[in-house]
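Student: I'm new to this one and would like a close look at a single part of it. Could you walk me through it slowly?

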Amino acid sequence: HLIAEKLLWQWFNDAEHTGMQTLPRHYESALLDASNAAEPELRNPYDRVSHKYKLDGEIILWAVAEGDQLRKNLDMLEKDFVSIYERTPDQLKPPERLNRNQINSRLAAMKKPEYAHILSNNGRGWYEYTEKRMRGYARLRAAAKAVELKSDHPLL
């Protein structure tokens with residue numbers, strides 16, 4: 001709903017809009033507005049991770065949100081991380097891709113209080129977002145950076 005609201009406002013405030021059609025520029029601006037307008041309890045932990053680990057941390061958060069699985073083990077997360085890294089635009093991509101041990105280390109850190117326990121782990125290696133809405137927020141942030149994640153619907 002937030003993206004739709006921001007999209008309509010982008011279109012409405014665009015002096016050059018014609019007819020009843022939105023344009024890609026309206027959608028791109030709406031994604032940025034929506035990510036900036038998100039609730040602080042979503043935005044702040046996400047920003048802590050992205051400030052500490054730069055885009056590597058964001059790609060890990062995107063990997064947790066990739067596809068339709070709510071919980072993922074290290075094997076799945078590593079595969080999704082590599083896939084997203086390859087799809088990330090070159091100007092945003094970190095120069096070196098993280099290896100499995102580095103990914104595992106980052107995942108463990110994201111369970112700590114300094115990152116507001118953004119991720120949780122069931123003790124058997126399965127990770128998920130502690131706050132379920134964070135998954136949607138991570139997907140929004142990926143889209144705002146032109147990184148398309150796999151559908152979160154199991155039939156698509």
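Student: Let's take Phe 81: is it buried or exposed, going by its relative accessible area?

Tutor: Keep in mind that this is a predicted model. Phe 81 is buried, because its relative accessible area is 0%, and the cut-off for buried is under 20%. Now look along helix 4, which covers residues 74-87. Phe 81 and Tyr 85 both belong to that helix, 4 residues apart, so about one helical turn separates them. Tyr 85 is buried too, with a relative accessible area of 9%.

On to the rings. The structure holds 4 aromatic pairs. One of them joins Tyr 46 and Tyr 137: the ring centres are 5.4 Å apart and the planes meet at 85 degrees, so this pair is edge-to-face. Tyr 46 sits in helix 3 (residues 40-65) and Tyr 137 in helix 6, so the pair ties together parts 91 residues apart in sequence. Both of these tyrosines are buried. Back in helix 4, Phe 81 and Tyr 85 form an aromatic pair as well, and theirs is stacked, with 6.4 Å from centre to centre and 20 degrees between the planes.

Tyr 85 has another partner to look for: the charged end of Lys 93 sits over the ring of Tyr 85, 4.9 Å from the ring's centre. So, to pull your part together, Phe 81 is buried at 0%, Phe 81 stacks with Tyr 85, and Tyr 85 has the charged end of Lys 93 over its ring.

Terms used: Residues numbered from 1 in each chain as written. Predicted model: local features only at pLDDT ≥ 70, side-chain atom pairs only at ≥ 80, totals over all residues. Heavy atoms only, no water. Phe/Tyr/Trp six-rings, centres within 6.5 Å; stacked < 30°, edge-to-face > 60°. Helix = DSSP H or I, 4+ residues; strand = E, 2+ residues; numbered from the N terminus. Buried < 20%, exposed > 50% of the residue type's maximum accessible area, 1.4 Å probe, protein only. Lys NZ or Arg CZ within 6 Å of the ring centre and 35° of its normal.
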